[in-house]
Amino acid sequence: MEAWSLNHDVDVAVVGGGLGGLTLAIGLLGAGVSVDVFEQADDLREVGAGVALAANSTRLLDRLGVRPESAGNAPPDVHFRRWDDGTLIWSHPVGDWYRERMGGPFLTLHRATLRRLLAEAVPPERVHTCHRLVGIDQELGGVRLRFAGRADVLARIAVGVDGIHSAVRGHVAGAIAPVLSGEIGFRGLIPVERCPDMPTPTSMQFWCGPGTHVVAFGIDDGTLINLLAVHQPDRLPDWTRTSHRTAGSSTEALALFRGLGWDSRILGLIDNVGGDMHFWALLDLPPLARWSRGRVVLAGDAVHAPLPHQGQGAGQAIEDAYVLAGLLARAGTSGYPDAFATYERLRRSRARRVQHYSRQAGRFYKLEGAAAGRRDAALPGLPERIRWIHAHDVEVPTAH
Ligand SMILES: Cc1cc2nc3c(=O)[nH]c(=O)nc-3n(C[C@H](O)[C@H](O)[C@H](O)COP(=O)(O)OP(=O)(O)OC[C@H]3O[C@@H](n4cnc5c(N)ncnc54)[C@H](O)[C@@H]3O)c2cc1C
């Protein structure tokens with residue numbers, strides 16, 4: 001029996017309505033492929049903090065008709081500073097300099113803004129919220145998706161874009177779990193008027209200290225600063241044995257960074273992080289032996305979640321979505337075996353290399369002593385060293 005002889009509920013089921021899943025839906029719908037998105041949450045609103053989008057993703061979003069530029073901040077430059085006194089180690093233009101060379105803008109925006117822009121491009125009837133996938137089986141000619149407290153859905157093919165703790169991944173690649181990098185991070189959004197001493201708040205800023213680093217950038221219209229602070233302790237706290245995050249407070253975070261001699265401007269940012277704060281154990285995903293199994297394929301963090309240190313997790317999810325949508329549009333859902341194989345061939349090595357560079361960057365920011373001096377001396381070569389990430393334009397092969 002072939003796919004078309006079954007009574008499918010949907011053609012392409014996308015599990016996960018995050019940044020990658022919505023981009024995939026936009027790409028498929030734009031190419032006339034029927035798609036339904038199943039998201040566990042009860043809406044597509046996003047909490048959380050800021051996200052940086054480099055040209056490798058802003059270029060693709062633009063082609064899909066999504067224009068984050070209208071809502072994002074374009075940092076004019078990037079600054080590397082010393083942790084203890086804020087001395088400028090190196091700076092470089094971003095803004096127009098970057099756009100002219102990379103073929104797209106570098107933007108920083110609130111994750112909620114980005115998700116809203118993506119969600120607005122998908123008709124609401126194609127998005128099924130409150131659908132938490134709890135099981136998946138392949139039958140002759142289709143994929144049966146089981147959702148908690150909901151009727152099963154039968155799809156021709158399914159894409160698991162359900163994030164780093166993916167429920168689809170086990171079905172495709174077995175029990176591969178994310179691994180701890182040994183770093184603990186916390187994030188926050190701070191109104192810019194609370195930190196009047198912060199130099200150039202719309203810039204992309206890396207503050208580098210021994211065993212710690214901070215990334216700060218303005219988001220949207222520049223009225224909020226996004227903070228990501230990362231610490232690599234000698235020994236991970238006990239809570240990381242059983243959980244990836246724990247509730248924390250800015251008082252605890254402040255005590256840690258004050259104790260390590262951080263500059264008062266970063267302490268001021270931490271002090272002004274409002275609302276609930278969590279400490280996160282940073283994670284990335286080991287390579288999977290396979291990206292697809294039969295009619296089910298993985299994309300985004302579910303298949304290659306990187307550490308956040310190159311700001312590329314969303315970018316790689318967007319690249320995956322763009323390529324997969326293009327291949328499925330060309331092959332049709334019945335051509336999924338070729339489409340999935342070509343997708344993995346085009347994406348695997350790049351995504352892995354981005355993961356590797358993300359790990360390296362996390363170490364690079366936190367060097368100390370002579371190694372930190374060598375890092376600082378090498379910073380002028382950074383734009384060239386990471387150009388391959390930003391300048392990359394994904395190719396979707398045309399039909400033979
Ligand atoms: C501290 C930090 C900072 C970051 N900063 C950046 C940055 O600056 N730039 C950047 O590009 N990336 C950044 N990232 C990474 C980025 O957020 C992710 O890589 C990106 O969101 C991945 O997109 P995705 O669609 O694969 O997964 P997600 O966006 O995580 O979406 C997964 C979706 O699947 C849903 N889901 C999960 N399980 C189920 C289920 N069982 N059934 C149904 N739905 C389910 C979830 O609710 C969610 O909506 C950062 C990450 C971290 C941790």
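Visitor: Where is the kink in α10 centred?
Guide: In this predicted model, local features need pLDDT of at least 70, side-chain atom pairs count only at pLDDT 80 or more, and totals for chains, interfaces and linings use all residues. Residues are numbered from 1 along each chain as its sequence is written. The bend at a residue is the angle between axes fitted to the seven residues ending there and the seven starting there. By that criterion α10 has a kink of about 35°, centred on R347.

Visitor: How far apart are the end C-alpha atoms of helix α10?
Guide: Helices (H or I, at least four residues) and strands (E, at least two) are DSSP runs, numbered from the N terminus. The expected span of a helix is 1.5 Å times one less than its number of residues. Helix α10 has 30 residues (336-365) and should therefore span 44 Å; this agrees with its end C-alpha atoms, which are apart by 42 Å.

Visitor: Which element gives the most to the shell around the ligand?
Guide: The ligand is surrounded by 33 residues, each counted if its C-beta atom, placed from the backbone, lies within 6 Å of the ligand. Elements supplying at least two residues each include α1 (19-30), β3 (50-53) and α9 (313-331). With four residues, the one that gives the most is α9.

Visitor: What percentage of the residues of the protein count as buried?
Guide: A residue is buried if 20 or more other C-beta atoms, placed from the backbone, lie within 10 Å of its own, exposed if 12 or fewer, and partly exposed in between. Of the 400 residues, the buried share is 46%.
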